[in-house]
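Notebook open, coffee in hand. I want to jot down what I looked up here, one strand pairing and one side chain at a time.

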Amino acid sequence: MRCLVLSAAVLLAGCAGPFGPAGQAIGDCSALAGCPVCPVCPAPPSAQRVNPLEVVDFAALPGWNSGEQAAAWPALLSSCQALRFREAWRGVCAKATELRSPTDEQARRFLEDQFVPWRVANPDGALDGLVTGYYEPVLRGSRTKVAPFVHPLYGPPDDLLTIDLSATNPDLRGMRLRGRIEGKRVVPYYSRAEIARGTAPVAGKELLWVDDPVEAFFLQVQGSGRVQLANGETLRVGYADQNGHPFQSIGRFLVERGELKLGETSMQSIKTWAAANPQRVEDLLDQNPSFVFFRELTLADPASGPIGAFGVPLLAGRSIAVDTRYVPLGAPVFLATTFPASTTPMTRLVLAQDSGGAIRNPVRADFFWGSGAEAGAQAGRTRQQGRMWVLLPRGMKPPPAGAATP
């Protein structure tokens, strides 16, 4: 669902992967691309790689004994709906289901009896990593194009190809390319600007029409959301596919142009800028060539969160997106970070129930805050350092290179 799902904090440089850190990586000469004679790019220094997962004691988890582990139980039971069919998890999930509504002490005792904590580290040995936030936005829309609802949300076009690279090279598992046929060649799919101008064959693929292009843009950033219709009906849309272009931060673009200050860039500040510069919004959004296509989802329970990559509903404050090359989907994770825009510690048990192409690194989490404007405000302020411990059933060991599946 969320191959592009990230928080508003990544607008400047939030999530990893194609969004990248704000600083230039060692050995990256891209900043020199415009110089008359570029020097030879130095090779990055060799570094000893460490095992991303290492067994520790529960005593190593800060705030473990005072945590509200029972609050994560609904998310754990949700994960178990899928994990209970796997040998390593069958017994643990059966016992967790019997417990149903434990106290914090009962939940903590159960986890200590049934699980082993594995400390998560980055390849260079660093234990700290980036924690961002995301949420489910709520937009106003219509099933037909009628003012002010003139900005479409599209389903996947028929000519969009997905090329699974693992079919020819197992080392590229999870790597997919998007493209289209042009003559006898496979070429990159149309960019966001080309799709918006009608170059791509998307006519007839409109799912809904919304009243704000900037809100539609942030819906694509988040990967899922709700749309309220004039008749009171609320629909949910989720990620269906993407055009294959890497995300480019429009927040960073505004900073580079001197429109916003580096430390003040957020989803809220970008919306404020857009409201003050409506004639320049189209050009701003075109700076990001990435484009997300949606599908309509059933909204049987308004209190239920969107479906994450693990196939279960996300729980506000207890679900995170992770890099599944290192942290197995469905597994409990103990997260030690701080509350948004503060130094107040936030330590809690969460469940790895989502993923995203922008979530790249062992110690990397995107924290799900829930739905609506308040959750969006929290997500927009979430950008801090954190540490992670993944809990695996006793006797279960991840592959040496990092767990990809539970």
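Started with the pairing of β5 and β9 in this predicted model. β9 covers residues 206-210, and I get four bridges between β9 and β5, running antiparallel. Checked who faces whom: Leu153 sits opposite Leu208 of β9.

Next I zoomed out to the sheet. Which order do the strands take? I read β5-β9-β4-β10-β11-β12, six strands in an open sheet with mixed pairing. The edges are β5 (151-154) and β12 (292-297), each of which pairs on one side only. I also pulled the angle between neighbouring strands of this sheet: 45° on average, ignoring direction. Reminder to self: strands in a sheet pair through backbone hydrogen bonds, either parallel or antiparallel.

Then I picked a residue on the β12 edge, Glu296, which is in that strand. Is Glu296 buried or exposed, or in between? I find a relative accessible area of 39% for Glu296; buried would need under 20% and exposed over 50%, so Glu296 goes down as partly exposed.

What does Glu296 touch, once neighbours within four places in sequence are set aside? My list reads Arg143, Leu207, Leu235, Arg236 and Val237. I looked harder at Arg143: its side chain and that of Glu296 are joined by a polar contact of 3.0 Å.

Last entry, a C-alpha distance. Glu296 and Ala240 lie 56 residues apart in sequence, and I get 9.0 Å between their C-alpha atoms.

Terms used:
Residues numbered from 1 in each chain as written. Predicted model: local features only at pLDDT ≥ 70, side-chain atom pairs only at ≥ 80, totals over all residues. Heavy atoms only, no water. Pairing = 2+ DSSP bridges. Helix = DSSP H or I, 4+ residues; strand = E, 2+ residues; numbered from the N terminus. Axes fitted to C-alpha atoms, helices over the stretch in contact; angles between N-to-C directions. Buried < 20%, exposed > 50% of the residue type's maximum accessible area, 1.4 Å probe, protein only. Contact = heavy atoms within 4.5 Å. Polar contact = N/O pair within 3.5 Å; in protein donor to acceptor, adjacent residues only side chain to side chain.
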